[in-house]
Amino acid sequence: MAVQRTFSILKPDATERNLTGAINALIEKAGLRIVAQKRIRMTREQAETFYAVHKERPFFGELVDFMISGPVVVQVLEGENAVLKYRDVMGATDPSKAADGTIRKLHAKSIGENSVHGSDAPETAAIEIAQFFSGNEIVG
Ligand code: GDP
């Protein structure tokens, strides 16, 4: 399996509780490298574009409001099988269903305020990374 990149967001519920370092430690412990990272305040337009796939879902408005409610940390993670590996480290969307030791089991507050985002496929990862980083901001 080749080295792959995935896109990650530490969501506002995580930055609000000062969990950036704790979550980064779990990411690095899993063998993923943080090859780009910045703390930003997402605009409503950015959040709506990022989650456009969920536009018709009943929770879309709530999700966008949440993502712009505080700072987020956007990241590019690199490693073997990075997309699936990070999904494993994150745990299930609903923290009550997440496996022990995962970021969401340890830190998420609810199915909506669930601390982290990770791309679901390599193609999505490439699109998501390009929404927040230019090539020279990623240092592998
Ligand atoms: P993920 O890939 O595990 O993040 O999950 P999804 O792609 O299904 O959903 C994207 C994000 O929408 C989740 O991470 C949650 O923040 C949010 N979300 C999903 N389901 C719900 C829900 O039932 N209620 C609310 N408020 N938010 C949800």
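Arg87 touches Gly118, Ser119 and Asp120, leaving aside residues up to four places away in sequence; contact here means heavy atoms within 4.5 Å. Arg87 is found in helix H5, residues 82–90. Helices (H or I, at least four residues) and strands (E, at least two) are DSSP runs, numbered from the N terminus. This is a predicted model, in which local features need pLDDT of at least 70 and side-chain atom pairs count only at pLDDT 80 or more, while totals for chains, interfaces and linings use all residues. Residues are numbered from 1 along each chain as its sequence is written, and side-chain values use heavy atoms, with hydrogens and water left out.

At 33% relative accessibility, Arg87 counts as partly exposed, because that class lies between buried (under 20% relative accessible area) and exposed (over 50%), with a 1.4 Å probe and protein chains only. Phe59, in the loop between H3 and H4, is partly exposed too, with a relative accessible area of 33%.

Let's turn to the interior. The largest nonpolar core has 22 residues, and Phe7, Met42 and Phe132 are among those with the most contacts inside it. Such a core is a set of buried Ala, Val, Leu, Ile, Met, Phe, Trp, Tyr and Cys residues joined through side-chain atoms within 4.5 Å. Strands E1 (3–10), E2 (33–40) and E3 (72–80) are among the elements that each supply at least two of its residues, and H4 gives the most, with five. Phe132 touches residues including Phe7, Ile40, Phe50 and Val74, not counting residues up to four places away in sequence. A second, separate core of 15 residues includes Tyr86, Val89, Met90 and Ile103.
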